[in-house]
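The exercises below are to be worked with the sequence and the structure in view. Each task is followed by a solution in steps.

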There are 2 protein chains.
Amino acid sequence: MDTKQEVAGRRMGPVGSDNWHAMLDGAETILREEGHAALTSRRIAEQIGVKQRLVYYYFRTMDDLIVETFRRMSARELARLSAARESAQPLREIWAVCVHTADARLVSQFMALAHRIDDLRREVVHFIDASRSIQVEAIAEAMERSGTKSRVSPAGLTLLATSVALAITRESALGITTGHHDVRTVIFALMDDLEPG
Amino acid sequence: MDTKQEVAGRRMGPVGSDNWHAMLDGAETILREEGHAALTSRRIAEQIGVKQRLVYYYFRTMDDLIVETFRRMSARELARLSAARESAQPLREIWAVCVHTADARLVSQFMALAHRIDDLRREVVHFIDASRSIQVEAIAEAMERSGTKSRVSPAGLTLLATSVALAITRESALGITTGHHDVRTVIFALMDDLEPG
DNA sequence: GTCTATACACCGATAGAC
DNA sequence: GTCTATCGGTGTATAGAC
């Protein structure tokens, strides 16, 4: 994690260094608290106490920085999902990860940015594919182990669960709660069948 | 629809006039095709063939224009939902409205902007509340009429359906289709029970 | 009503010193 | 590695003529 880069003859800062991480931390904070409009090189520099020029020493463009921010975050999230997958109660743990760590605001900012930044869109697609794979495996295994029959395939159940998890976090952030409790009850009843104990 | 306004002594263009609508049309198009970053007064003026100054004759600020764009669009959407609600097959019609007209890109742009613009966030909350009311009523009535029993309340079913409808449109736009077919099958099976014919 | 012209702030990105 | 300084561009918004 100390690879120096050189792009088109320009000296670049080491990937994975303290400043590098600090800048991504700053980007995350700004995105979460102020939104994409405030995510500028100057704002990031101010946030972590360096000069604006330094941002361009570590990242070739602002878009690069944004993509890297998402990449680091999604890697972290996938690691959490993998860990949950291998826990004693995979389904409940995965549900907890989906509901508690997916910051709805951050997600909406990245989704909007993915519209414009092709590399980011590719990363988003990769993240959704990868996380869904983990979830589908977990559900398929739980169905087999518990002998539960369902009209819905593991892939279908996964889409259902992730959809409502995201909707619940998004709406909660907006102060909307209609139907949330009822859906949670259904999800937990389903998990009681699939993952007893 | 011809109310002239005056704000802080500044002459303002008539709400509902041709130019007023043209500007909102332009804003929608730009948001859909280029994203929020491209939504500027200059870009809108260019889009509809007027000078940039005119945008500020019809709208006090860009944020006002954005809020108005969402307001007009959500009113249109609510009208569609109401019409679907009173059709022969309300559930199927409402599902069609949710899946086909909710442009996932536009939604993500507005959600991201709502982070920053308080008035927009209020409009978004109002829209979600209003549309959900219509949907819950439709489902409750269908359950009663068909005598269908369900573990899930109408509000819960509504949240489930709207969540997956949005997820399906969003993911389709990204080229992801895992589980989509299976979930659609479940939804349609459910509607076969609730709304025979 | 619609325009020209413009003030002013801020942004991304780079050159080059230390 | 980190900095000062700066260029060129673009954004919001307003004053005031026609």
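**Exercise 1: Base contacts**

In this predicted model, a base nitrogen of DNA strand C lies 3.0 Å from an N or O atom in the side chain of Arg53(A).

Task: Find which other side chain of chain A has an N or O atom 2.9 Å from a base nitrogen of DNA strand C, and which side chain of chain B approaches a phosphate oxygen.

Solution.
Step 1. The cut-off for a polar contact is 3.5 Å between N or O atoms.
Step 2. Arg42(A) is the residue with the 2.9 Å distance to a base nitrogen.
Step 3. On the backbone of the DNA, a phosphate oxygen of strand C is 2.8 Å from a polar side-chain atom of Asn19(B).
Step 4. Two or more residues each are given to the surface near the strand by helices H2 (41-48) and H3 (52-58) of chain A and by helix H3 (52-58) of chain B.

**Exercise 2: The surface near the strand**

Task: Describe the protein surface around DNA strand C by number of residues, by class and by element.

Solution.
Step 1. The strand is surrounded by 19 residues, and the closest include Arg10(A), Tyr56(A) and Tyr58(B).
Step 2. Sorted by class, seven are nonpolar, five polar and seven charged.
Step 3. H3(B) supplies the largest share, four residues.
Step 4. On the DNA side, sugar or phosphate accounts for 53% of the strand C atoms within 4 Å of the protein, and bases for the rest.

**Exercise 3: Aromatic pairs in chain B**

Task: Classify the pairs Trp20(B) with Phe59(B) and Phe70(B) with Phe110(B), and state which parts of the chain they join.

Solution.
Step 1. Over all chains, the structure holds nine aromatic pairs.
Step 2. For Trp20(B) and Phe59(B), the centres are 6.1 Å apart with 25° between the planes, and the pair is stacked.
Step 3. Trp20(B) sits in helix H1 (residues 18-34) and Phe59(B) in the loop between H3 and helix H4 (62-85), so the pair ties together parts 39 residues apart in sequence.
Step 4. Both partners are buried: Trp20(B) has a relative accessible area of 6%, and Phe59(B) has 4%.
Step 5. Phe70(B) and Phe110(B) have ring centres 5.1 Å apart and planes at 65°, so this pair is edge-to-face.
Step 6. This pair links helix H4, which holds Phe70(B), to helix H6 (residues 104-114), which holds Phe110(B), across 40 residues.
Step 7. Phe70(B) is buried at 6%, as is Phe110(B) at 2%.
Step 8. In chain A, Phe70(A), Phe110(A) and Phe127(A) form one aromatic cluster.

Methods: Residues are numbered from 1 along each chain as its sequence is written. Chains are lettered from A and ligands numbered from 1 in the order in which they are written. This is a predicted model: local features need pLDDT of at least 70, side-chain atom pairs count only at pLDDT 80 or more; totals for chains, interfaces and linings use all residues. Side-chain values use heavy atoms; hydrogens and water are left out. A residue is near a molecule or strand if one of its heavy atoms lies within 4 Å of it. A polar contact is a pair of N or O atoms within 3.5 Å; within protein, one must be able to donate a hydrogen and the other to accept it, and residues adjacent in sequence count only if both atoms are side-chain atoms. Ala, Val, Leu, Ile, Met, Phe, Trp, Tyr, Cys and Pro count as nonpolar, Asp, Glu, Lys and Arg as charged, and the others, Gly among them, as polar. Rings of Phe, Tyr and Trp (its six-membered ring) pair if their centres lie within 6.5 Å; planes under 30 degrees apart count as stacked, over 60 as edge-to-face and the rest as tilted. Buried means under 20% relative accessible area, exposed over 50%, partly exposed in between (1.4 Å probe, protein chains only).
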